[in-house]
Amino acid sequence: MLLFPALSFGQGRLEISGAEIARDRREVRVGFTVEGQEKTPRSDYKAVVAPFLCNGSDTLYLPEAEVVGRRRAARERQERLLRKEAVPQTATAPAGEALHYACTVPYQRWRKEVRLGVRQKIVGCAGGVILGDEESVAGAVLYVQPEPKVAPGVVRRPVVKEVNRRWSFGARDMAVYFRVNRAELVPADFGNEAALKDLEAAIVKLMNDRDTRLNHIELWGYASPEGPWSLNRRLAENRAEALRDRLLAGVEGLDSGSFKLFNGEENWDGLRRMVAGSDMEFRDEVLGIIDNAPAEFRKERLQKLRGGRPYRYMLDNFYPELRNACYISVYFDVMEDPAADIIERGVALLNAGDYGGALEVLTDAGDDLRAFNATGVALMMLEREDEARVWFGRALESGDAQDREAAKHNLQQIGN
């Protein structure tokens, strides 16, 4: 509330009191009361009070108000009747009665902080005398920049973009190795510790990355094609289970449903690849037996080939690598949430104070409810408060809990 000093017209006093400047959303209300003695102004005169708002560089002149002497009021009324003029809309009161002034003007950005003044003028038969401006000694702050609240993070709702992509461990196949005729997995053996570390790190990354989802882990258990077939089958199965149990114990969040176990039994495919890639003696004869001999006779024929020399070479050079739970494959789904990515970019611009840029980016999020509060914040900080209220209302109605809390806070900043 602003109080004004008395206005002196050299013939008694007019006093302006109860001055008020208030903002209601997109409007500014101005009001005050004008009071004077019975003969202020004198009977043939009128006092014109012309208020205005200013901020030091811009000025808005408001509708005038008049306090009219008795004979002056009668003469003006008679003149209007003769000219058939409508009654003017100017706020008017007869001398000696209080005049309650009120007007409403649109709020504009330059009117964030204003001062109120009045122009004093006495009008008589020979014209008017301007007594000068009487400006208030206090001002009104009509806009306080809000303190916006944005949810700390976007709740992502990713969808599958690509299913079952195989994780690449580099040039080599991922494998762990076992001792002869054993199914216990010993990390210190055969470089297993490094392999397990790489495997577990890949699984953890896939589980924690927001853009990936672990689909499953395939473990193919194998035994080298030596010894009885029934023993090899059991070894291959137990080795795959041993590796699964190690991963279950070492990686939080995995369960048995994360795995697919396969019993590769005797690893003839692996042996063939190793023989074909070597320069061992009698290589072609060995490959001929692997490719053409029935499975139940391969081992015996290899043992007899060339007096057993190729077989002993393979036992020393190839079979140790075949005693493994080999061909470990990790499969994952590629996920995407393009709307969340857009909203995160928009929120980053909000936090940087680029509200126009944020609004432009958030528009691309479409009707995603996670963008409602952030869009409202951008509009609020651009002083487009009516539009901001709509978006905050949408966030309150359908947003996540954190967005509803933020929207409620923001609505309180600009008034519901």
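Which residues does N410 touch, not counting residues up to four places away in sequence? I took this as my opening entry, and I note at once that the model is predicted.

**Entry 1: N410**

I located N410 in helix α13. I then listed its partners beyond the four places on either side: N410 touches E147, P148, K149, N373, V377, M380 and F392. I also looked up its exposure and recorded a relative accessible area of 0%. The cut-off for a buried residue is under 20%, so N410 is buried.

**Entry 2: helices α12 and α13**

As N410 belongs to α13, I turned to the pairing of that helix with α12. I noted that α12 covers residues 385-398 and α13 covers residues 401-414. Two packed helices are described by the angle between their axes and the distance between the axes. For this pair, I recorded that the axes come within 8 Å and cross at roughly 150 degrees. Angles over 145 degrees count as roughly antiparallel, and α12 and α13 are therefore roughly antiparallel to each other. I entered the crossing of α12 past α13 as left-handed.

I next wrote down the residues that make the contact. On α12 they are E385, A388, R389, F392, A395 and L396. On α13 they are D403, R404, A407, K408, N410, L411 and I414. F392 of α12 had already appeared in my list of residues touched by N410. Sorted by class, the contact of α12 with α13 has seven nonpolar, five charged and one polar residue.

**Entry 3: S258**

Where does S258 lie? I found S258 in the loop between α3, residues 229-250, and β14, residues 259-266. Is S258 buried or exposed? I recorded a relative accessible area of 12% for S258, which is therefore buried.

I looked for its partners as well, leaving aside neighbours within four places in sequence, and found S258 in contact with H216 and I217. I217 is 41 residues from S258 in sequence, while their C-alpha atoms are 6.1 Å apart in space.

**Entry 4: the chain**

I closed with the chain as a whole. I noted 13 helices and 16 strands. The chain has 416 residues, and buried residues make up 44% of them. Among contacts with a separation of 6 or more, I recorded that 69% join residues 24 or more positions apart. The chain exposes about 22100 Å², and I noted that carbon and sulfur atoms supply 47% of that area.

Note on methods
Residues numbered from 1 in each chain as written. Predicted model: local features only at pLDDT ≥ 70, side-chain atom pairs only at ≥ 80, totals over all residues. Heavy atoms only, no water. Helix = DSSP H or I, 4+ residues; strand = E, 2+ residues; numbered from the N terminus. Buried < 20%, exposed > 50% of the residue type's maximum accessible area, 1.4 Å probe, protein only. Contact = heavy atoms within 4.5 Å. Areas by Shrake-Rupley, 256 points an atom, 1.4 Å probe, with all protein chains shown as cover. Axes fitted to C-alpha atoms, helices over the stretch in contact; angles between N-to-C directions. Parallel < 35°, antiparallel > 145°, perpendicular 65-115°, else oblique. Left-handed = near helix turned anticlockwise from the far one by under 90°. Nonpolar A, V, L, I, M, F, W, Y, C, P; charged D, E, K, R; others polar.
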